[in-house]
Amino acid sequence: MRRSVQFQAPPDRDSGAGGSEPLRTEFSFELPRGYVDEAGTVHRDGVMRLATARDELVPLRDDRVRENSAYLSVVLISRVVTRIGTVEDIHPGVIEDLFASDLAFLQDFYRRINAEGHTRAAVTCPSCDEEFAVNLAGGRLGES
């Protein structure tokens, strides 16, 4: 069962203004390579929601995780990804069929939205040493 709930963030006490932004619970992403379904269709765009405590606890009872702790990320990612392309029934089998680079992307994406609360990364230009932020969630390489 999937629930979609919109939470209101507590007011920012430092802002002085009463306007607060709603807490963002879903984040769009684009896979580097894409999920290839049984028909050969490539799906790249998707949505991941914030994890709950239950999402992190339930996989620990999974026999596949007990036998192989590396499987934890497969089960966990399958619980929080709500859609990849037109595929909405995301289960461990779908995550198992991802390319390794896409799984690594989703693992990093999970860490960013759940630990850091955003999808931005600070980077430095190797040529001019200028620092700037990039959004890891969007666009193909070379797009802005």
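Two strands pair if DSSP finds at least two bridges between them. The model used in these exercises is predicted.

**Exercise 1. Trace the sheet.**
Work out the strand order and find the edges.

*Solution.*
Step 1. Start with one residue. Glu30 has Asp45, in strand 4, as its bridge partner.
Step 2. Widen the view. Seven bridges join strand 3 to strand 4 (residues 42-49), and the sense is antiparallel.
Step 3. Recall the general rule. Strands of a sheet pair through backbone hydrogen bonds, either parallel or antiparallel.
Step 4. Write the order. The sheet is open, has three strands and reads 3-4-5, with antiparallel pairing.
Step 5. Mark the edges. Strand 3 (26-36) and strand 5 (81-84) each pair on one side only.
Step 6. Add the twist. From one strand to the next, the average is 25°.

**Exercise 2. Place the helices.**
Find which helix lies across the sheet strands, and decide how far helix 3 is covered.

*Solution.*
Step 1. Helix 5 (residues 100-116) lies across strand 3, strand 4 and strand 5. Helix 5 runs at about 170° to strand 3.
Step 2. Turn to helix 3 (residues 72-80). Seven of its nine residues are buried, so each of those seven has under 20% relative accessible area.
Step 3. Name some of them. Val74, Leu76 and Ile77 are among the buried residues.
Step 4. Look for the cover. It includes strand 4, strand 5, helix 1 (53-57) and helix 5.

**Exercise 3. Classify Val36.**
Is Val36 buried, exposed or partly exposed?

*Solution.*
Step 1. Locate Val36: it sits in strand 3.
Step 2. Its relative accessible area is 34%, so Val36 is partly exposed.
Step 3. Val36 forms a nonpolar surface patch with Val42 and Phe99. Together they have about 230 Å² of accessible area.

Conventions: Residues numbered from 1 in each chain as written. Predicted model: local features only at pLDDT ≥ 70, side-chain atom pairs only at ≥ 80, totals over all residues. Heavy atoms only, no water. Helix = DSSP H or I, 4+ residues; strand = E, 2+ residues; numbered from the N terminus. Axes fitted to C-alpha atoms, helices over the stretch in contact; angles between N-to-C directions. Contact = heavy atoms within 4.5 Å. Buried < 20%, exposed > 50% of the residue type's maximum accessible area, 1.4 Å probe, protein only. Patch = residues over 30% accessible without salt bridge, like charges linked within 9 Å, V, L, I, M, F, W, Y side chains within 5 Å. Areas by Shrake-Rupley, 256 points an atom, 1.4 Å probe, with all protein chains shown as cover. Salt bridge = Lys/Arg side-chain N within 4 Å of Asp/Glu carboxyl O.
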